[in-house]
Amino acid sequence: MRILGLDIGERRIGVAVSDPGLRVASPVKVLDARAIAGSSALRQIVEDYEIDQVVVGLPLSLDGTEGPQAQHVRQVVGELADLLGLPVHFYDERFSSVEAGRAMQAAGLSERQKRGSVDMVAAALLLQGYLDSLRSTGVDETRDTD
């Protein structure tokens, strides 16, 4: 079993995948958000990695409420759910992009180098958080919760 992680933004979508044992998330690619609705690239990733479920970062505000960006993500996810035909789960992604940027800065990457990769690193961080939460709560990751 593998899980696909998506960090959905206005312009770009970061993509990450888990290993089959659901222990490690790895960044894969950044896709153009404007072309995602009919994206054969996303379907190809699902096929290539034999994805069973999708986890999408939900950008909640600091007080835990959903703002305009969270509503945008839910709208995009509605389209993607139809496209992929897989169970989709939401995971609180507050600060994932900030954390990704800091990690990449600590690794010595320039702003230009970070620009092309921060979204997929953010997707990997949110997916890793989700995988860790599955293990810590003992939740059966194969069940459809959202």
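**Close-up views of a predicted mixed-sheet model**

**View 1. The hairpin of β1 and β2.** D7 stands opposite G14 in β2. The model shown here and in the other views is a predicted one. The partner strands, β1 and β2, run antiparallel to each other and are joined by 5 bridges. Together they form a hairpin, with 3 residues between the two strands. Strands of a sheet pair through backbone hydrogen bonds, in either a parallel or an antiparallel sense. This view shows the antiparallel kind for β1 and β2; the next ones turn to a parallel pairing of β1.

**View 2. Strand β1 and its buried residues.** How many of the 6 residues of β1 are buried? The count is 6 of the 6, so the strand is largely enclosed by the rest of the structure. Follow the side chains and you will find I3, G5 and D7 pointing one way, with L4, L6 and I8 pointing the other way. In a regular strand, side chains alternate between the two faces of the sheet. Both sets in β1 are buried.

**View 3. Where β1 meets β4.** Strand β1 (residues 3-8) pairs with β4 in the parallel sense, over 4 bridges. Two places are worth a look: L4 stands opposite V54 in β4, and G5 has V55 of β4 as its bridge partner.

**View 4. The β-α-β unit of β4, α2 and β5.** On its other pairing, V54 stands opposite V88 in β5. Strand β4 (residues 53-58) and strand β5 (residues 88-92) are parallel and share 5 bridges. Helix α2 (residues 68-84) belongs to the same arrangement: β4, α2 and β5 make a right-handed β-α-β unit.

**View 5. The whole sheet, and the helix packed on it.** In what order do the 5 strands lie in the open sheet? They are arranged as β3-β2-β1-β4-β5, and the pairing is mixed. At the edges are β3 (25-32) and β5, each of which pairs on one side only. On average, neighbouring strands of this sheet are turned by 25° against each other, direction ignored. Helix α1 (residues 40-48) packs on the sheet, where it touches β1, β2 (12-18) and β3. The direction of α1 makes about 150° with that of β1. To place these elements in the fold, it helps to know that the chain has 4 helices and 5 strands, following the pattern β-β-β-α-β-α-β-α-α along the sequence.

**View 6. An aromatic pair between β5 and α4.** A search of the whole structure finds 1 aromatic pair. The ring centres of Y91 and Y130 are 5.9 Å apart and the ring planes lie at 85°, so the pair is edge-to-face. Y91 lies in strand β5 and Y130 in helix α4 (residues 111-137), so the pair ties together parts that are 39 residues apart in sequence. Are these two tyrosines buried or exposed? Y130 is buried, with a relative accessible area of 9%, whereas Y91 counts as partly exposed at 24% relative accessibility.

**View 7. S26 on edge strand β3.** S26 is in strand β3 and is partly exposed, with a relative accessible area of 35%. Which residues does S26 contact, leaving aside its neighbours within four places in sequence? They are A16, V17 and A124. The C-alpha atoms of S26 and M120 are separated by 8.6 Å, though these residues are 94 residues apart along the chain. For the chain as a whole, residues 24 or more positions apart account for 65% of the contacts with a separation of 6 or more.

**View 8. Two loop residues with positive phi.** Most residues other than glycine have a negative phi. Here L22 has a positive phi, near 60°, and E50 has a positive phi near 55°. L22 sits in the loop between β2 and β3, while E50 sits in the loop between α1 and β4. L22 counts as buried, at 7% relative accessibility; E50 is exposed, with a relative accessible area of 62%. As a backdrop for these values, buried residues make up 41% of the 146 residues in the chain. The chain exposes about 7700 Å², of which carbon and sulfur atoms supply 48%.

Terms used:
Residues numbered from 1 in each chain as written. Predicted model: local features only at pLDDT ≥ 70, side-chain atom pairs only at ≥ 80, totals over all residues. Heavy atoms only, no water. Buried < 20%, exposed > 50% of the residue type's maximum accessible area, 1.4 Å probe, protein only. Contact = heavy atoms within 4.5 Å. Areas by Shrake-Rupley, 256 points an atom, 1.4 Å probe, with all protein chains shown as cover. Pairing = 2+ DSSP bridges. Right-handed = clockwise from strand over helix to strand, strands pointing away. Axes fitted to C-alpha atoms, helices over the stretch in contact; angles between N-to-C directions. Phe/Tyr/Trp six-rings, centres within 6.5 Å; stacked < 30°, edge-to-face > 60°.
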